[in-house]
Amino acid sequence: MLDLSVYLITDAALCARAGLVETVAAGLRGGVTVVQLRDKQVSDTELIEQGRALKGLLTGTGVPLIVNDRLEVALAIDADGVHLGQSDHSVAEAREVMGAEAILGLSLQSLDQLQRLDPTLVDYLGVGPVFATTTKPDHSSPLGFDGLAKICDASPLPVVAIGGLRAEHAGAVWSAGAEGMALVSAICAADNPEQSTRRIAEACRAARQGIVGPDVDLPSADADAEAGTDRQADASAPTGSNRVFRSAS
């Protein structure tokens, strides 16, 4: 079973202080459960180099490496899967290229996009942005927790929430029906990525167990991560429907 709870998306620029591999290594020590390699600015050759370094780091940990968008890179580094946006390769093409055993994720922002999806081809959905975020300036309008809950409730697939999220949002994320949080600057830009990840992982664990509710804030930490974004939203969202993973055939 794929554990989406602490889903790290890399940003080489934000990781520059410690370096990409060391930042991801710190995240692993703190409790990251999935790593997505994303860098829109570099060539395939450069991304393959990054990916091979991360693949070596992750081998034997049980934490999957997923590549954002680029099928050729995913194949070249023998990644565990690929994550697509709405304007990337088609889901059917990605499934055919990657094979039945690969992890395939898809970003979506609306119920209309969900209704057009063939859930037999996809393993999980990335839904957001929940809040506005500077790590993806061309994102669509923020959904808030209410919008996240509507998509989670209608989705037959597990959902990982994305967009401006931090540890203190875990309760609201799980109350909305999501099964994980995708994080970029909350880990990559943190003064101490391992400590920040550990705090996020603990918050996710507590939210999953119902210990922390949607309206309970945890003490703040790593104030530099995701700073300056207004994160007020309606957190009184219903729980999501039961979701199942696609069975490989």
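This is a short tour of one loop glycine and some salt bridges in a predicted model.

**Stop one: a loop glycine.** Select Gly62. You'll land in the loop between α2 (44–58) and β3 (65–68). Gly62 has 72% relative accessibility, so it counts as exposed. Now add Thr33 to your selection: the two are 29 residues apart in sequence, with 8.3 Å from C-alpha to C-alpha.

**Stop two: a long-range salt bridge.** The model has 12 salt bridges. Start with Arg208 and Asp3, whose side chains pair up at 3.6 Å, N to O. This one ties together distant parts of the chain: Arg208 sits in helix α9 (residues 193–208), Asp3 in the segment before β1 (6–9), and 205 residues separate them. Color by accessibility if you like: Arg208 is partly exposed at 47%, and Asp3 is partly exposed at 30%.

**Stop three: a pair within one helix.** Move to helix α6 (residues 144–154) and pick Lys150 and Asp146, which lie 4 residues apart, about one turn of the helix. Their side chains form a salt bridge at 3.6 Å, N to O. Asp146 has a relative accessible area of 32%, so it is partly exposed.

**Stop four: a network.** Go back to helix α9 and select Arg198 and Glu194, 4 residues apart and so separated by about one helical turn. They make a salt bridge, with the closest N and O atoms 3.1 Å apart. Arg198 is partly exposed, at 33% relative accessibility. Then add Glu22 and Arg29 to the view: together with Glu194 and Arg198 they are linked in a network of salt bridges.

Conventions: Residues numbered from 1 in each chain as written. Predicted model: local features only at pLDDT ≥ 70, side-chain atom pairs only at ≥ 80, totals over all residues. Heavy atoms only, no water. Helix = DSSP H or I, 4+ residues; strand = E, 2+ residues; numbered from the N terminus. Buried < 20%, exposed > 50% of the residue type's maximum accessible area, 1.4 Å probe, protein only. Salt bridge = Lys/Arg side-chain N within 4 Å of Asp/Glu carboxyl O.
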